[in-house]
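The turns below go through strand pairing, burial and internal space in one protein chain. Each answer ends on the item asked for.

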Amino acid sequence: MSKKLPRRDVVIVGFGWTGAIMAEQLTAEGLDVVALERGVWRDTSTDYAVTNAQDEVRYRYRDELFEVLSRESLTFRNNTSQDALPMRMLGSFLPGTNVGGSGVHWNGQTWRFLPSDFQARTHNEERYGPLPEDMTVQDWGITYDELEPYYTQFEDICGIAGKAGNLNGEIQEGGNPFEGRRSSEYPNPPMEMVLAPKLFAKAASELGHNPFPGPSANMSQPYTNPLGVQLGPCTYCGFCEKYACGNYSKATAATTILPVLMRRDNFELRTQAMVLRVLKTGDGRMADGVEYITPEGEVYHQPADIVILAAYITHNVHLMLVSDIGEPYDPRSGEGVVGKNYAYQVTSGVSVFFDKDVHINPYVGAGALGMVIDEFNGDNFDHTGLGFIGGGYIATWQTNGRPMETHRVPEGTPKFGAGWKQAVRDNYNHSLGIGTHGAVMSYRGNYLDLDPTYKDAYGRPLMRMTFDFGDNEMKMSNFLTDRAVEIARAMNGREIRVARRTRPYSIVPYQSTHNTGGTIMGDNPRDSVINKYQQSWDLPNLFLTGAGAFPQNAGYNPTGTVGALAYHTANAIRTQYLRSPGPLVQA
């Protein structure tokens with residue numbers, strides 16, 4: 001039996017990027033907000049101080065910042081003919097835990113999706129004809145132009161460093177000529193490039209492409225954001241992805257929002273509060289708060305007028321399913337929406353090896369330090385006759401030279417022993433990588449549901465993930481890889497090594513923490529879980545934030561769009577919902 005606590009205006013489940021954004025915006029409106037985080041408090045200056053942040057064993061190999069799977073995991077299979085088995089350790093993706101969530105250990109690559117990405121079905125069918133029957137691609141129910149001001153708001157909070165390519169409809173030299181119209185320049189100039197991205201940019205330009213600096217949440221200079229929070233310039237230490245930044249040089253919820261939010265009297269954060277389910281009112285028409293458990297085993301009911309699920313996408317879907325909210329997706333009939341359209345990212349790479357007179361110095365890096373081309377992203381090129389839709393960017397990022405993790409070696413190198421060690425020594429300072437980062441479309445057979453066999457420590461069924469890349473993704477990834485090979489050869493190195501993405505998808509090797517879908521947005525409740533304001537079609541006082549809203553994944557990292565959607569939702573609550581509580585979009 002749970003103990004009922006005093007009612008609050010808002011309860012937020014999960015305290016990463018979107019939880020912090022929603023809490024800051026709604027407390028600024030005067031609402032009484034409580035956030036529940038299953039992890040513990042972590043502070044930048046003490047827990048992530050530069051004296052311990054650069055520890056590969058602690059963070060990369062002992063998973064200090066990532067989810068602990070001993071109490072809650074998920075099961076995985078490639079298709080419905082297989083038996084799903086539990087993940088015992090993290091691999092392909094690395095969701096975060098504790099205050100700040102996955103944003104603590106992100107690289108900082110901060111993108112806006114292309115305008116056509118938001119009309120993926122309509123746009124592609126108008127240009128190329130009907131999509132394959134098993135492809136469940138959908139329009140988002142929102143347009144780029146509607147979201148543009150909120151992209152700007154998120155970028156200003158983060159102090160994103162970059163160069164506009166389309167400023168109020170005018171193409172700008174040095175930026176991305178394919179991006180949607182921007183209303184303002186980036187708040188900070190691009191990062192200063194090192195040799196590897198310069199070599200990529202030179203080769204790409206010689207092939208007729210338009211390289212530009214990747215938009216970066218690593219600070220290129222000192223910055224004070226609109227909340228008055230100060231960030232310092234990046235020191236190029238190379239410990240961004242999978243690590244926290246102790247320099248206050250990487251935009252995270254902890255370094256951009258929490259210094260202001262934590263001082264507000266109408267905000268409370270409760271850590272080590274594991275939310276078990278969303279509770280509904282007696283008539284089942286509204287959310288009535290959440291139920292959570294403490295490490296001591298005490299169970300509480302936190303009532304609230306507004307409930308916001310801001311956890312990682314798999315956890316948001318899981319909470320919807322175990323709380324019996326919405327109709328679970330059934331791949332056989334195609335009916336239902338909760339768990340539908342799970343998607344991911346498809347990546348590949350090419351390594352370029354140079355003679356010893358070319359010194360790359362890979363240890364001088366940052367998470368979003370790189371040069372990019374966008375000619376083959378989205379629908380920026382004619383897909384006629386190629387057999388696929390979508391695309392991705394191609395880039396050289398110099399993110400790190402961490403000694404335990406960085407060991408590019410040429411083709412034919414022994415996999416261990418003296419020969420492998422010698423190859424690592426010979427090539428460490430004389431090689432670079434070109435990466436492709438591609439979209440993943442949604443399919444009838446890729447989805448999330450509850451596992452019928454395995455349960456978590458709280459007695460709830462585990463989340464089950466069913467996923468594999470489709471033919472579309474394989475053709476698209478090979479196309480992008482071929483373009484990367486062209487650029488690699490134009491660098492005139494000693495040799496190259498190509499690493500293509502293959503099928504079936506494996507959940508074992510790390511690829512990206514870019515999981516999407518499952519609580520998708522749209523313009524009607526038959527095809528989506530939430531509307532354009534990320535409001536539940538079933539319970540109008542329930543909102544779900546995060547990349548679970550994506551009906552399919554585009555060719556970019558998702559965080560910029562996740563942040564923009566959160567600000568869009570917060571604005572809708574402040575300006576519309578509070579004046580007239582109820583559905584913001586009529587079904």
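Q: In what order do the strands of the open sheet of 4 strands run?
A: This is a predicted model. The open sheet has mixed pairing among its 4 strands. Their order is E1-E14-E13-E12.

Q: Which strands are the edge strands of this sheet?
A: An edge strand here pairs on one side only. That holds for two strands, one at residues 3-4 and one at residues 274-280. The edge strands are E1 and E12.

Q: Do E1 and E14 run parallel or antiparallel, and which residue stands opposite Lys4?
A: E14 covers residues 299-302, and 2 bridges join E1 to E14. The two strands run parallel. In E14, the residue opposite Lys4 is His301.

Q: How many residues of strand E17 are buried?
A: Strand E17 spans residues 346-353. On one side Val346, Ser348, Val350 and Val352 are buried, and on the other Thr347, Gly349, Ser351 and Phe353 are buried as well. Both faces are therefore covered, given that buried means under 20% relative accessible area. The count of buried residues in E17 is 8 of 8.

Q: Which residue of E20 stands opposite Gly349?
A: E17 is joined by 8 bridges to strand E20, residues 431-438. The two strands run antiparallel. Opposite Gly349 in E20 stands Gly435.

Q: What is the bridge partner of Val352 in E23?
A: E17 also has 5 bridges to strand E23, residues 495-499. This pair runs antiparallel. The partner of Val352 in E23 is Ile496.

Q: Is Asp145 buried or exposed?
A: Asp145 belongs to helix H5, which covers residues 144-158. Its relative accessible area is 51%. Exposed means over 50%. Because 51% passes that cut-off, Asp145 is classed as exposed.

Q: What separation is found between the C-alpha atoms of Asp145 and Ser580?
A: Along the chain, Asp145 and Ser580 are 435 residues apart. In space, their C-alpha atoms are separated by 25 Å.

Q: What is the volume of the largest cavity?
A: Searching the whole structure gives 6 cavities of 30 Å³ or more. The volume of the largest cavity is about 150 Å³.

Q: How many charged residues are in the lining of the largest cavity?
A: The largest cavity is lined by 19 residues, and closest to its centre are Asp117, Ala120, Gly378, Gly390 and Met441. By class, the lining has 7 nonpolar and 10 polar residues. The number of charged residues is 2.

Q: Which element gives the largest share of the lining of the second largest cavity?
A: The second largest cavity has a volume of about 120 Å³. Of its 14 lining residues, Glu67, Ser73, Leu74, Thr314 and His315 lie nearest the centre. Helix H9 (313-322) and strand E22 (461-466) each supply at least two lining residues. The largest share, 3 residues, comes from H9.

Q: How many nonpolar residues does the lining of the second largest cavity have?
A: The lining includes 4 polar and 2 charged residues. Its nonpolar residues number 8.

Q: How many charged residues are in the lining of the second largest pocket?
A: The second largest pocket holds about 430 Å³ of space. Its lining has 18 residues, with Arg38, Gly39, Val68, Arg71 and Tyr458 nearest its centre. There are 7 nonpolar and 6 polar residues in this lining. The charged residues number 5.

Technical notes: Residues numbered from 1 in each chain as written. Predicted model: local features only at pLDDT ≥ 70, side-chain atom pairs only at ≥ 80, totals over all residues. Heavy atoms only, no water. 1 Å grid on protein atoms, 1.4 Å probe; cavity = no way out; pocket = protein on both sides within 12 Å on 5 of 7 lines; lining within 4 Å. Points joined across faces, edges and corners; volume = space filled by probe spheres on them. Nonpolar A, V, L, I, M, F, W, Y, C, P; charged D, E, K, R; others polar. Buried < 20%, exposed > 50% of the residue type's maximum accessible area, 1.4 Å probe, protein only. Pairing = 2+ DSSP bridges.
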